[in-house]
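Work through three short exercises on a protein model. Keep the structure in view as you go.

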Amino acid sequence: MPDLRFRVLGRLGVERDRQPVALGPIQQQVVLGILLLHGGRPLGVPQIIDAVWGDAAPASAVNLVQRHVSGLRRALEPRRAARAAESRLHWTGTGYRLAVEDAEVDLAAFDAEVRRARSQRETGDRGGAAARLAAALGLWRGPLCDGLGGPFLDAERDRLAGRRLTVVRERIELDLSLAPDAAALVEELCRLCDEHPLHEPLYELLMRALLRSGRRSEALDVFQLARRRLRGDLGVEPAATLQQLHREALGGSRAEPGIPAAARRIGVPAQLPRALPDFVERVEPGTQLDRALAEEGAVVALVGTAGVGKSTLAVAWAHRVRDRFPDGQLHVNLHGFDPSTPATDPGRVIRGFLEALAVPAERIGADVEGQAALYRSTVAGRRILILLDNALDAEQVRPLLPGAPGCLVLITSRNELLSLVAIDGARPVRLDLMNPDEARHLIARRLGRRRVDAEPDAVTEIIAGCARLPLALSVVTARAAAYPQFSLSATAGELRRVHGRLDLLDAGDTATNVRAVFACSYRGLSPSAARLFRLLGLQCGPELPTAAMTGLVDGPVRPQLAELARAHLIAERVPGRYVLHDLLRAYAAELAVATEPADERRAAIRAVLDHHRYAAYVADRALNPFRDDPIDPPPAPAVPVDPPVDHRAAMAWFAAEEPVLLTALRQAADEGLYTHAWQLAWALTQFLNREGHWHDAVAAQEVALTAARRLGDARAEAVVRGCLAYAYIRLRRFDEARAQLHRALPLFERCNEPIGMGHVHRALTWVADCEGRYRDAFPHIHEALRHFRAAGHRTGEARALNALGWFHSRLGEHREALVHCAAALSLMRAHDDRYDQADVLDSLGRAHHELGHHAEAASCYAEAVELYEEFADHFCEGQALVALGEAHAAAGAGGEAVRAWTRAVDVFEALGLPDADDVRHLIKSAPWLSGG
């Protein structure tokens, strides 16, 4: 494997064996930057499209992503590019993954140095920590991926700039604590304050450096500068710590260490709970919370599913920004989802807040409305942070909102609080599951980096077993910390063994029992939504479209889905598509087994699979209505399925549904619904072949073959073996393809299926063609013709005639080839079979080309290209473009040849196929074409 080094801190760069790598077009570099910044996590094509273009994605975005991935494979590992599965950049089944080690990426090296520096600081080695932070900052050569743009990179550039600034501050703080004379830091801090004019901690550091150097008047000037900027741009006064430094500069007393100055004044509450010392930063939601600081009177609703870490994040963030609220911090747990405590009455909360604000008891009357008015009057004009944790609904928190700007209200809830967003202008911030890096960091903080680094695979399995849910990870790591003599592999194995993966996730009380935490949300559901939740636990797959769930309920399903989404028991990641994380799915399945009769559970699974089978069948018919149909149309589900308007819409539908359908196929086989299994595989065949997903096609057909054999359906088995052979041929596994076809033939004979036998013989001619055994193909061609004619299958007869012409051309009998192919084309046009005409035109083009009829050949190929493109058969389109280029080259039209070959390269790159390199070599080996 070549030695690769990646740089993102500055201009994007890669070195292979210490030599710079040409990374190709700008957009291709953007894709590389996105993959690197995801740290080896798989990224689906829709995620990459959103990261590169956002809302401005072009219609060809999918093809462009595939082309850029192919280009990056060639750039990074040219010797492996033809073997995509072996490349560092490969498809995992859920997305593209760029496999990198931390030591290979400068950003990972930066993070590692910072972690080591902080560990040294915690042990008292401030000098070593300062040196490490300086070394980490030395890795930055400029802004992240400087010169590249896009929604994701732009956001990451801002976020990482903030992270870098934090490290700069930490280094300066250490230098200040170490240097007897801070004058050397003043110039750097002046520059930083100008670059970040609203960043108060920098002014604080500058004032401290000036005071340390005896420059009191300059320190006072810095405070006035900070005050002017903050008041002018944000309309706020400097934070309490900056004001305390100002008093020191004026000659006032020094603040008591560790206690905010505001907290020592009467009527200034400091109610925040203790923040976790091993809190793991959640970057994106934290950034959204930071933005709320600039809004006067902001109300923020931090929402997410049970156990996702809302309270932990809210408390940690509140501690970080509390100095921005010199009039104090109020906190209450509203017990909205507490199994042992009723939801807290808002009136009781108001009375508690008034007492914390030192309002005399005699002023607090018994009237609730009067208390609320007094509360609003008391907080008016103050800057107070109000944290309302674990809210049940908007009605519970609405009375606690201040009436005038100045305060910031942060609410956490498992419910969406949409009423609060719509009526009160709350800013919603969604907290999702941890990403793998955050989850790994949490485990490392709890168990130590050495233990985590010693068993990386076990840690990965634990993260997956806990579905990246912070509560579950905390419970499992608490157990691991309590038993350090046990390996993490043993913990991962225990997670695999326990039923439903929930039994192990219990630390001894309801607050740390994952099942109990989920139950609090579940108990608040209406009966119909609760039943839908239970039935969803029975369904496999990464996500479910709304239409697939309609058969699970009586009447419309959207109201129940909306209720589940509001309770964060499901998530609508894309409009109309819903997901449950694995632990919620396990919990829902437990409830279904305990509550629903076995026949109703099976009916629910079947209802969803019925939808998938029918929708896939309809979409497949839109791809090619002339495809021979070996199955009767499956029964339509109760809710109509809108068929795609054309084959392009059908391809788009399959692209979105492919992961769902492949999972549904496997579930159907596991549940013994074998007809569903093999018919789903059959419906996927055309799409997988056109997209070049032949490995997926083989996997699907192998599952289908087992299902067909268990079903005891000879016809189904024969059809599946034919489909499997097709995929084997594409993968050049000819012996296996031939074996499948020879086993399919007697099955079709037993079923008296002449059309099936005709297709098998035609496929055997294809194997013979690939192996160069042209004369061996003729007996199979004549058998195919005989079977198709006996069945009156005119389009099948036309395809066999085309094969006859093709093999005559292969043997140099080009004029005879023209006769048979012309007859095939006439038959197809008479029956309006547009899709298969492309294959015949390709054969005619080859015969004309060999006869020296270059203009006729180019015309046939050009028409074939148009048809392949029209029907989105991209692999055949690329092959026809190569042949078109050859015809143009033979005619001396070099420019036209290069244009056709360049288009072929684009097509093969978009499919991620090595054929692109062959065509590229073809272009380079014909420099004389430039004059054409």
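The exercises below cover a sheet, a helix pair and the cysteines of this predicted model.

**Exercise 1.** Find the order of the strands in the open sheet, and name its edge strands.

Solution. Start with the order: 3 strands run β1-β2-β3, with antiparallel pairing. Next, look for strands that pair on one side only. These are β1 (4-7) and β3 (19-20), the edge strands. Now take one pairing in detail. β1 and β2 (residues 13-16) are joined antiparallel over 4 bridges. Within β2, Gly 13 stands opposite Arg 7.

**Exercise 2.** Work out how helices α6 and α7 are oriented to each other.

Solution. Locate the helices first: α6 spans residues 151-178 and α7 spans residues 183-195. Read off the geometry. The packing angle is about 155 degrees, and the axes lie 12 Å apart. Angles over 145 degrees count as roughly antiparallel. Therefore α6 and α7 are roughly antiparallel. Their crossing is left-handed. Finally, list the contacts. Residues of α6 including Leu 165, Val 168 and Ile 172 meet a set in α7 that includes Leu 185, Leu 189 and Leu 192. Charged names appear too: Arg 171 and Asp 175 are among the α6 residues, and Glu 188 is one of those in α7.

**Exercise 3.** Search for disulfides, then check Cys 190 and Cys 193.

Solution. The whole structure holds 0 disulfides. For Cys 190, the nearest cysteine sulfur belongs to Cys 193, 6.7 Å away. A disulfide needs the sulfur atoms within 2.5 Å. Cys 193 is likewise in no disulfide. Now compare exposure. Cys 190 has 35% relative accessibility, so it counts as partly exposed. Cys 193 has 3%, so it counts as buried.

Technical notes: Residues numbered from 1 in each chain as written. Predicted model: local features only at pLDDT ≥ 70, side-chain atom pairs only at ≥ 80, totals over all residues. Heavy atoms only, no water. Buried < 20%, exposed > 50% of the residue type's maximum accessible area, 1.4 Å probe, protein only. Pairing = 2+ DSSP bridges. Helix = DSSP H or I, 4+ residues; strand = E, 2+ residues; numbered from the N terminus. Axes fitted to C-alpha atoms, helices over the stretch in contact; angles between N-to-C directions. Parallel < 35°, antiparallel > 145°, perpendicular 65-115°, else oblique. Left-handed = near helix turned anticlockwise from the far one by under 90°. Contact = heavy atoms within 4.5 Å.
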